Amino acid sequence: VEAALKSMEDGGMLFAIVPMSVVTEGGKAGAWRRPLLDHHTVLAVISFPEELFYPVSNQTVAVILRKGIAHPKDQPVFWARVVNDGFRKSKGKRLPTKGGVPNDLETIKPLLRSFLLDPKQPVPATPEFVCAAPLDLSDPILELAPEAYLESRVPDVRELVARLDHQVRENVGALVTFDLKPRGTGPRRTIIDDARAVPSASAAAAIKKLPTFKPIPLQQVFTLQAGDYHSLADEDAGETPVASCADSENGIAGFYEIPDEHTYRDALTIAFNGSPLTTKMHPYALGAKDDGAVALPKEDLSAEALIFIQAQLNAERWRFSYYRKCFREKLGRTTVELPIRDGRLDVGFMVDAVRAQPYWWFLNPRLKGWKPKAPDGSGTMPLPALGDDANDDE
């Protein structure tokens, strides 16, 4: 990019296709981005499908710059995310898609052309697909990834019910697997034993109307802390599970002797690596590897409310990938769409929505006495009203 800009005249427009890491990595790898703004204008960034250059395995982005004009602070940037480019991978080849699948590239072309002619004209925002928004200059690494700027899509009633039903079933399956995994000696009570003692009750009233949803930064809701273990090779086998970024086995890497100063209880874990943002629920004492964050709510939220947030977070995994990594600070700035009433989380709606799921009766007994706890013994504190300063630090 720098070599191309040096060979251009001022006012010229550069179109470059670069790896996703060029616009997302921090440290020395990303140190070129902020000085870039002192001399050039970022006009547009479009992320492409991971298989666009198959068989090369790398996600790419298109960056469009204006040479020789410092980037104005309030300059809108065209952000887009292409998922369908008109081709599909089949038996090692990329073949044209059939069946009326929309081609995202063709959809954004007229929008992009109009924007480049007049960046001040509004761009109709489509969640998870396209928008125009100024650079977030408060971002410490100044990411230029569309996934960091695009809006989330608020689910309709049908989608929300299906999402919560899937999340409850996932949690049930994870706890069945966890409880039946052999470790230690002697009998243990399992989720199956608890569920057998509870009659199958009718579900609560179905969700008929959604409240207002608002994107809330995770750092306003949770204290996020990276796990304590990088490697488990030198740890002794024991009975305390250690959570990792793995997707299977509820993210449990194994069972070890974990000291109290590294033990959490009743927490969510959020993956940094693997499939970033994958969120698991752990209604037990646990340790954690540093490839994920332990999320402890700042407010005394019920298990039902946390399952709702878990489902919404897992629906946001499109923002990250193997090529757009996550870490604690970036995770804290990541927003999740949550229901709001009178400037606060609508916990009542979240609780009712989760209890309305058909398999809640099976999961509910295992979550009795849910009380998140950090290694230092700290619990939760009242959560302040949620303001509009979505990018404030903790």
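In helix α8 of this predicted model, the buried residues are A303, E304, A305, L306, I307, F308, I309, Q310, A311, Q312, L313 and N314. The helix is thus described as mostly covered, with 12 of its 12 residues buried. From the first C-alpha of α8 to the last, the distance is 16 Å, close to the 16 Å expected for its 12 residues at 1.5 Å a residue.

Helix α8, residues 303-314, is also one of the elements against which the buried residues of helix α10 pack. Helix α10 covers residues 347-355, and its buried residues are F349, M350, V351, A353 and V354. Besides α8, the packing partners of these residues include two strands, β15 (335-341) and β16 (344-345), as well as α11 (360-363). Strand β8 (212-217) and helix α5 complete the set of partners.

Helix α5 comprises 24 residues, from 157 to 180. At 1.5 Å a residue, a span of 34 Å is expected for α5, and the end C-alpha atoms lie 35 Å apart, which agrees with that expectation. At the N-terminal end, α5 is capped by D156, a side-chain oxygen of which lies 3.2 Å from the backbone nitrogen of R158. The buried residues of α5 are E159, L160, L164, D165, Q167, V168, N171, V172, A174, L175, F178 and D179. Several of these positions recur at short intervals along the helix, among them L160, L164, V168, V172 and L175. An α-helix has 3.6 residues a turn, so residues three or four places apart point the same way.

One of the buried residues of α5 deserves separate description. D165 is placed in helix α5 and has a relative accessible area of 17%; this residue counts as buried because the value is under the cut-off of 20%. When neighbours within four places in sequence are left aside, D165 is in contact with Q357, P358 and Y359.

The interior of the model was also examined for enclosed space. The structure holds 3 cavities of 30 Å³ or more, and the largest has a volume of about 90 Å³. This largest cavity is lined by 16 residues, of which S244, C245, T269, I270 and G292 are the closest to its centre. Three strands, β12 (264-271), β13 (279-288) and β14 (292-297), each supply at least two residues of the lining of the largest cavity. By class, this lining is made up of 8 nonpolar, 5 polar and 3 charged residues.

Terms used. Residues are numbered from 1 along each chain as its sequence is written. This is a predicted model: local features need pLDDT of at least 70, side-chain atom pairs count only at pLDDT 80 or more; totals for chains, interfaces and linings use all residues. Side-chain values use heavy atoms; hydrogens and water are left out. Helices (H or I, at least four residues) and strands (E, at least two) are DSSP runs, numbered from the N terminus. The expected span of a helix is 1.5 Å times one less than its number of residues. Buried means under 20% relative accessible area, exposed over 50%, partly exposed in between (1.4 Å probe, protein chains only). A polar contact is a pair of N or O atoms within 3.5 Å; within protein, one must be able to donate a hydrogen and the other to accept it, and residues adjacent in sequence count only if both atoms are side-chain atoms. On a 1 Å grid over the protein atoms alone, a cavity is a set of points where a 1.4 Å probe fits but cannot get out, and a pocket is an open set with protein on both sides within 12 Å along at least five of seven lines; lining residues have an atom within 4 Å of a point. Grid points are joined across faces, edges and corners, and a volume is the space filled by probe spheres set on the points. Ala, Val, Leu, Ile, Met, Phe, Trp, Tyr, Cys and Pro count as nonpolar, Asp, Glu, Lys and Arg as charged, and the others, Gly among them, as polar. Contact means heavy atoms within 4.5 Å.
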